[in-house]
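User: I should like to go through a protein model at the level of its strands and helices. Please explain the reasoning behind each reply.

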Amino acid sequence: MGWIPTISELSGPRYQRIVEAMEADIAAGRLVRGQQLPTQRALAKALGIDLTTVTRAYSEARRRGIMEARVGQGSFVSETSARRAVDLPHPVAIDLSMNVPPHPLEAQLDERIIAGMEAIRAQSGLTAYLNYQPPGGSAHEREVAAGWMRARVPHVQADRLVIFPGAQTILFNLLAHLARPGETVLTEALTFPGVKAAAAQLGVKLVGVAMDDGGILPDALAKACRVHRPKAVYLIPTLHNPTTATLSAERRSAIAKIIRDTDTIVIEDDAYGLLDRSASPIANLIPERTYLATTLSKCLAPALRVAYLVTPDGDTQLQMRGHLQATVQMPPPLMVALVTHWIETGIADRIITAIRNEAVGRQQIAQRALKRFQFLAKPAAHHLWLRLPEGRRDVAAHLLRNGLAIVAGDAFTVDGTPPHAARVALGAARNRAELTEALRILIGALHEPADTRQIV
């Protein structure tokens, strides 16, 4: 009958021991994603226990996200460490609006968090991280981060790196540092809503620069730099949010020359760079003119609140540490300690590999489901950019009324006409089954005649 857990060596209530054995066997590879589990009745008979005990164990396993039930098929090992469907605003049932990484079982996040905290406790004690820490990270934490980043950015040194509590804090502080209210920063014509929000709070003017399917157009950037004389240029050159465009090496070289010739600065948002390591950051071409922001939110987990800023020189590193201290004091010490441990032990890279592989799998599902529609995507991206058919401009609102959330194109527009497109965040689905259902709902809305969706 397949899997039979060994629970005699475990302690606690029997239902809990079944769940713990399931978690242990998943971590050890004895149970794999999608594997069918025995029926509750069969497992109860094999273990010689009451059916109600197994029923309770399976309910707890589903609550923890390690098992899923499929109507008419049975119970299966979950494909991901599924987040519980809680706190979704009414009427959202499936949320594909937030661009977050999936958490496949192979990432073993629960186990690695527990093991990582235990290693930290054994080495220095957890209470050591409950007091104020140096703004921007300790020398050791910055050295570990710099050494890790050198695989992609060889010039990184600890005295040019600042650890921030997330990329949003980096962007806000950089805009405050580089531009005054009323001054201009250039971005792609479509850009990350977070930088729009930060600029609005600071009174900084954003000007969008034309782009195509390959990203920002160098000629348009050169003209905009001459006309607007910006204080900085904010770019997402790899797996662009929302279009997934990744700049070619030729465009990166052209952009680096424009930045140098026009005597300006680049804020390079490398949020997705660790998912596509074949793309070399612009910072490698003009390190003296680039602030490189690398966050772990898209390749590990958003709630870690750990991001790294590489500055052009030592003086600007000290200035950015001062900005950090004045706004949020420090990154979360325990989370920085956990990430530092993961980097030192190679666990961070293994988690990123598992998440990247899951992203590839979800993109393949989307490719098959949306093959009759136009969209932009990249294999390791957590999202895709869906071009809406004519007459379907209200698709996002219509989907929301049917319980599915995506993000309409106007959220990303810097200036000009909102694009006739929407971002679909594949990583936000709790598992592949939920993603498949979400895409089915999406396709139904795209096929539905426009006049049937009017509210009167």
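The questions and replies below concern this predicted model.

User: Which residue of S10 is the bridge partner of valine 233, and how do S9 and S10 run?

Analyst: Strand S9 (residues 232-235) and S10 run parallel and are joined by 3 bridges. Between them the chain passes through helix H9 (residues 249-261), in a β-α-β crossover that is right-handed. Within this parallel pair, the S10 partner of valine 233 is valine 266.

User: Which residue of S11 stands opposite valine 266?

Analyst: S10 also pairs with strand S11 (residues 290-295), in the parallel sense and over 4 bridges. In S11, the residue opposite valine 266 is threonine 290.

User: Are the faces of strand S10 covered or open?

Analyst: In a regular strand the side chains alternate between the two faces of the sheet. On one side of S10 (residues 266-269) lie Val266 and Glu268, and on the other lie Ile267 and Asp269. These residues are all buried, and both faces of S10 are therefore covered.

User: Is threonine 294 buried or exposed, and what is its relative accessible area?

Analyst: Threonine 294 belongs to strand S11. A residue counts as buried under 20% relative accessible area. Threonine 294 is therefore buried, its relative accessible area being 2%.

User: Which side chain forms a polar contact with that of threonine 294?

Analyst: Beyond its neighbours within four places in sequence, threonine 294 is in contact with Met149, Asp270, Leu274, Ala307 and Tyr308. A polar contact of 3.4 Å joins the side chain of threonine 294 to that of aspartate 270.

User: Which strands are the edge strands of the open sheet of 4 strands?

Analyst: The order in this sheet is S13-S14-S17-S16, and the pairing is antiparallel. An edge strand here pairs on one side only, and this holds for strand S13 (375-376) and strand S16 (407-408).

User: Which residue of S17 stands opposite arginine 387?

Analyst: Strand S14 (residues 383-387) and strand S17 (residues 421-425) run antiparallel, with 5 bridges between them. Opposite arginine 387, in S17, stands alanine 421.

User: Why are the buried residues of H3 said to be on the same side, and what arc do they cover?

Analyst: An α-helix has 3.6 residues a turn, so residues three or four places apart point the same way. The buried residues of H3 are Thr53, Val54, Ala57, Tyr58, Glu60 and Ala61. They are on the same side of H3 because the arc they cover around the axis is only 160°.

User: Which elements are included in what covers the buried residues of H3, and which residues on the other side are exposed?

Analyst: The cover over the buried residues of H3 includes helix H1 (14-28), helix H2 (40-47), strand S1 (67-70) and strand S2 (74-77). On the other side of H3, the exposed residues are Thr52 and Arg56.

User: What span should helix H4 have, and how far apart are its end C-alpha atoms?

Analyst: Helix H4 (residues 109-124) has 16 residues, and at 1.5 Å a residue these should span 22 Å. The distance agrees, because the end C-alpha atoms of H4 are apart by 22 Å.

User: Which helices are included in what covers the buried residues of H4?

Analyst: In H4, Leu109, Arg112, Gly116, Met117 and Ile120 are buried. They lie on the same side of H4, because their arc around the axis is only 130°. On the other side of H4, Ile114 and Ala122 are exposed. The cover over the buried residues includes helix H11 (333-345) and helix H12 (347-369).

Technical notes: Residues numbered from 1 in each chain as written. Predicted model: local features only at pLDDT ≥ 70, side-chain atom pairs only at ≥ 80, totals over all residues. Heavy atoms only, no water. Buried < 20%, exposed > 50% of the residue type's maximum accessible area, 1.4 Å probe, protein only. Helix = DSSP H or I, 4+ residues; strand = E, 2+ residues; numbered from the N terminus. Pairing = 2+ DSSP bridges. Right-handed = clockwise from strand over helix to strand, strands pointing away. Polar contact = N/O pair within 3.5 Å; in protein donor to acceptor, adjacent residues only side chain to side chain. Contact = heavy atoms within 4.5 Å. Arc of directions from axis to C-beta. Expected span 1.5 Å × (residues − 1).
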